[in-house]
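Subject: A structure for you to look at

Hi there,

Here is the structure I promised to pass on to you. Have a look at it first, and then read my notes below.

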Amino acid sequence: VDFDSKTIPKTYGHIKANDKLSIDFFNTSIVASPPQLRNSKYFKSINFINVDTKTVTMEIALKGKRSFDIFYLNKPSRLVIDIR
C-alpha cells in the first residue's frame, strides 16, 4: 500500500475469525479508486472501505489460514504485506 505522505499513517490491524485480515488507516483517505483484486493464490479479495472522512479500512479475505509478515518502508512511504 503506497502513501503520498512522508510516513505511513497510524494503523491498527487484526485477523478476524473468518480468515480476514483487517487493517485500519487513521487520518488518511483514498485519493484514487483502488483496484479490486480477486482470484489470487493466497487471498479471495481486497476491499477498501471508507469508514469516515479520516479512516479507511482495508479487508483482505484470505484463502484459509495463512502466515504473513507486515512491515513498512519510509522511502517511499509504503506498507508491505507479505502473505504466504
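Let me begin with aspartate 2, which is exposed because its relative accessibility is 54%, over the 50% cut-off for that label. Please keep in mind as you read that this is a predicted model.

Which residue does aspartate 2 pair with in a salt bridge? The partner is arginine 78, and the closest N and O atoms of the two are 2.4 Å apart. This pair joins distant parts of the chain: aspartate 2 sits in the segment before β1 (11-16), while arginine 78 belongs to strand β6 (residues 78-83), and 76 residues separate them. Arginine 78 is partly exposed, at a relative accessible area of 30%.

If salt bridges are new to you, here is the general idea: side chains of opposite charge can pair when their charged atoms come close. How many salt bridges does the structure hold? There are six, and I will take you through two others here.

Both involve glutamate 59. In one of them, its side chain meets that of lysine 16, with 2.7 Å from N to O. Lysine 16 is in strand β1 and glutamate 59 in strand β4 (residues 55-62), so this salt bridge ties together parts that lie 43 residues apart in sequence.

The other joins glutamate 59 to lysine 20, where the closest N and O atoms are 3.7 Å apart. Here lysine 20 comes from strand β2 (residues 20-26) and glutamate 59 from strand β4, so the parts being tied together are 39 residues apart in sequence. Taken as a group, Lys16, Lys20 and Glu59 form a network of linked salt bridges.

Is glutamate 59 buried or exposed? Glutamate 59 counts as buried because its relative accessibility is 15%, and the cut-off for buried is under 20%. Its two lysine partners are partly exposed: lysine 16 has a relative accessibility of 29%, and lysine 20 has a relative accessible area of 26%.

One more residue to find is serine 22, which is also in strand β2. Serine 22 is buried, with a relative accessibility of 3%. What does serine 22 contact, leaving aside its neighbours within four places in sequence? Its contacts include Lys16 and Glu59, two members of the salt-bridge network. Serine 22 is also in contact with Tyr12, Gly13, His14, Thr57 and Met58.

Enjoy exploring, and write back with any questions.

Best wishes

Definitions and conventions:
Residues numbered from 1 in each chain as written. Predicted model: local features only at pLDDT ≥ 70, side-chain atom pairs only at ≥ 80, totals over all residues. Heavy atoms only, no water. Salt bridge = Lys/Arg side-chain N within 4 Å of Asp/Glu carboxyl O. Helix = DSSP H or I, 4+ residues; strand = E, 2+ residues; numbered from the N terminus. Buried < 20%, exposed > 50% of the residue type's maximum accessible area, 1.4 Å probe, protein only. Contact = heavy atoms within 4.5 Å.
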